[in-house]
Amino acid sequence: MVPDVPLYRMLDKADRLLKSGRIERLEGGHFNVIGDHGTYTLVVRNGRVYCSCPGFQEKGVCSHSLAVMKLNKSPRGRY
Ligand SMILES: [Zn+2]
């Protein structure tokens, strides 16, 4: 069961991930994010971010995907 994290907490965490340099940009719109509970793989496709973490599988949003959206500055990466 994934705890229900409010959006502002996710945004805080996204900022923390960005500032501590825990997001690695790979080839072809792929990213690695070193999260608090493991490293997750993300992919940006058609302006949307997909994450491999359990929170994203359940809710379609997570701090990792928000961080990659901010990093990517995609015009469709707004939240
Ligand atoms: Zn995630």
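## Arg 16 and its surroundings

Let's start with one residue of this predicted model. Arg 16 has 13 other C-beta atoms within 10 Å, so Arg 16 counts as partly exposed; a residue is exposed at 12 or fewer and buried at 20 or more. Arg 16 sits in helix H1.

What lies 8.7 Å from Arg 16 in space, C-alpha to C-alpha, yet 51 residues apart in sequence? That partner is Ala 67, a residue we will meet again in the core.

## The strands and their hairpins

Now for the strands. S1 (residues 23-25) and S2 (residues 30-35) pair in the antiparallel sense, with 3 bridges between them. Within this pair, Glu 24 faces Asn 32 of S2. The hairpin of S1 and S2 has 4 residues between its strands, and there Gly 28 adopts a positive phi near 65°.

S2 also runs antiparallel to S3 (residues 38-45), and 6 bridges join the two. Here the hairpin connection is made through 2 residues, and Gly 35 stands opposite Gly 38 in S3.

## The nonpolar core

Which residues touch the most other members of the largest nonpolar core? They are Ile 23, Val 33, Leu 42, Val 49, Cys 51, Ala 67 and Val 68, out of 17 residues in that core. At least two core residues come from each of helix H1 (7-19), S2, S3, strand S4 (48-51) and helix H3 (63-72). H3 is the biggest contributor, giving 4 residues.

As general background, nonpolar side chains tend to be buried together in soluble globular proteins.

Definitions and conventions. Residues are numbered from 1 along each chain as its sequence is written. This is a predicted model: local features need pLDDT of at least 70, side-chain atom pairs count only at pLDDT 80 or more; totals for chains, interfaces and linings use all residues. Two strands pair if DSSP finds at least two bridges between them. A nonpolar core is a set of buried Ala, Val, Leu, Ile, Met, Phe, Trp, Tyr and Cys residues joined through C-beta atoms within 7 Å.
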